[in-house]
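Here are some questions to work through with the sequence and the coordinates side by side. Each answer ends on the value or name asked for.

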Amino acid sequence: MKSNIRFTLTIFMALLIFPALSFASDSSRREPPGPPPSFADSDLNHDGVLTEDEVRGPLAEDFDQIDTDGDSQLTEEEIDAFMQSHKPPEPR
């Protein structure tokens with residue numbers, strides 16, 4: 001009788017534990033996000049500038065701040081200047 005109870009408890013515990021282990025291993029398989037798209041990849045119409053329709057994420061959020069000449073277009077130079085002025089401090 002005791003062995004039947006032990007066996008039942010063992011099976012019950014295994015059924016509880018294995019799904020949790022499977023979930024943990026699935027989340028560890030996620031790859032980190034890749035690098036952001038290049039300027040050329042973002043320039044969908046290949047006109048050499050990025051408009052609000054062509055940008056996503058942080059570029060879209062900071063579009064007006066990056067667009068220093070106010071022409072509603074981002075050049076590589078404007079993006080580079082913005083990135084240089086917003087670099088995090090170097091670790092000591």
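The questions below concern a predicted model, going from the whole chain to single residues.

Q: Which pattern of helices and strands does the chain follow along its sequence?
A: The chain holds five helices and zero strands. Read from start to end, the order of elements is therefore a run of helices alone, written α-α-α-α-α.

Q: Which element of the chain has the lowest mean pLDDT?
A: Over the chain the pLDDT averages 82, and 71% of the residues score at least 70. The highest mean among the elements, 96, belongs to helix α4 (residues 63-66). Where pLDDT is low, the predicted coordinates should not be read in detail. The lowest mean, 61, is that of residues 2-28, helix α1.

Q: What percentage of the residues of the chain count as buried?
A: The chain exposes about 8000 Å², with carbon and sulfur atoms supplying 59% of that area. Among contacts with a separation of 6 or more, residues 24 or more positions apart account for 19%. The chain has 92 residues, and the buried share of them is 15%.

Q: Which side chain of opposite charge is nearest to E78?
A: E78 belongs to helix α5 (residues 76-85) and is buried, yet has no salt bridge. A salt bridge needs the charged atoms within 4 Å. The nearest side chain of opposite charge to E78 is 17 Å away, and it is R56.

Q: Which backbone nitrogen lies 3.0 Å from a polar atom of the side chain of E78?
A: Leaving aside neighbours within four places in sequence, E78 is in contact with I66, D67, T68, D69 and Q73. The backbone nitrogen of T68 lies 3.2 Å from a polar atom of the E78 side chain. The backbone nitrogen at 3.0 Å is that of T75.

Q: How far from D43 is the nearest side chain of opposite charge?
A: D43 sits in the loop between α2 and α3. D43 is buried and has no salt bridge. The nearest side chain of opposite charge is R56, at a distance of 12 Å.

Q: Which backbone nitrogen does the side chain of D43 reach at 2.7 Å?
A: Not counting residues up to four places away in sequence, D43 touches V49, L50 and E54, among others. Another residue on that list of contacts is G48. The backbone nitrogen reached at 2.7 Å by the D43 side chain is that of G48.

Q: Why does V55 count as buried, and what is its relative accessibility?
A: V55 is found in the loop between α2 and α3, where it touches L50, A60, F63 and L74, not counting residues up to four places away in sequence. V55 and F39 are 16 residues apart in sequence, with their C-alpha atoms 9.6 Å apart. Buried means under 20% relative accessible area. V55 counts as buried because its relative accessibility is 4%.

Q: What is the phi of H46?
A: H46 is in the loop between α2 (39-42) and α3, and at 66% relative accessibility it counts as exposed. Most residues other than glycine have a negative phi. H46 is not a glycine, although its phi is positive, at about 55°.

Q: Is S72 buried, exposed or partly exposed, and what is its phi?
A: S72 lies in the loop between α4 and α5. With a relative accessible area of 43%, S72 is partly exposed. S72 is a residue other than glycine with a positive phi, near 65°.

Q: Which backbone nitrogen lies 3.1 Å from a polar atom of the side chain of D71?
A: D71 is in the loop between α4 and α5 and counts as partly exposed, at 35% relative accessibility. The C-alpha atoms of D71 and T51 are 9.5 Å apart, although 20 residues separate the two in sequence. The backbone nitrogen at 3.1 Å from the D71 side chain belongs to Q73.

Q: How far apart in space are G57 and P36, C-alpha to C-alpha?
A: G57 is found in helix α3 (residues 57-61). With a relative accessible area of 34%, G57 is partly exposed. G57 and P36 are 21 residues apart in sequence, and the C-alpha distance is 9.7 Å.

Methods. Residues are numbered from 1 along each chain as its sequence is written. This is a predicted model: local features need pLDDT of at least 70, side-chain atom pairs count only at pLDDT 80 or more; totals for chains, interfaces and linings use all residues. Side-chain values use heavy atoms; hydrogens and water are left out. Helices (H or I, at least four residues) and strands (E, at least two) are DSSP runs, numbered from the N terminus. Buried means under 20% relative accessible area, exposed over 50%, partly exposed in between (1.4 Å probe, protein chains only). Contact means heavy atoms within 4.5 Å. Accessible areas come from the Shrake-Rupley method with a 1.4 Å probe; for residues, only the protein chains shown count as cover. Lys and Arg count as positive and Asp and Glu as negative; His and the chain ends are not counted. A polar contact is a pair of N or O atoms within 3.5 Å; within protein, one must be able to donate a hydrogen and the other to accept it, and residues adjacent in sequence count only if both atoms are side-chain atoms. pLDDT is the predictor's confidence in each residue, from 0 to 100.
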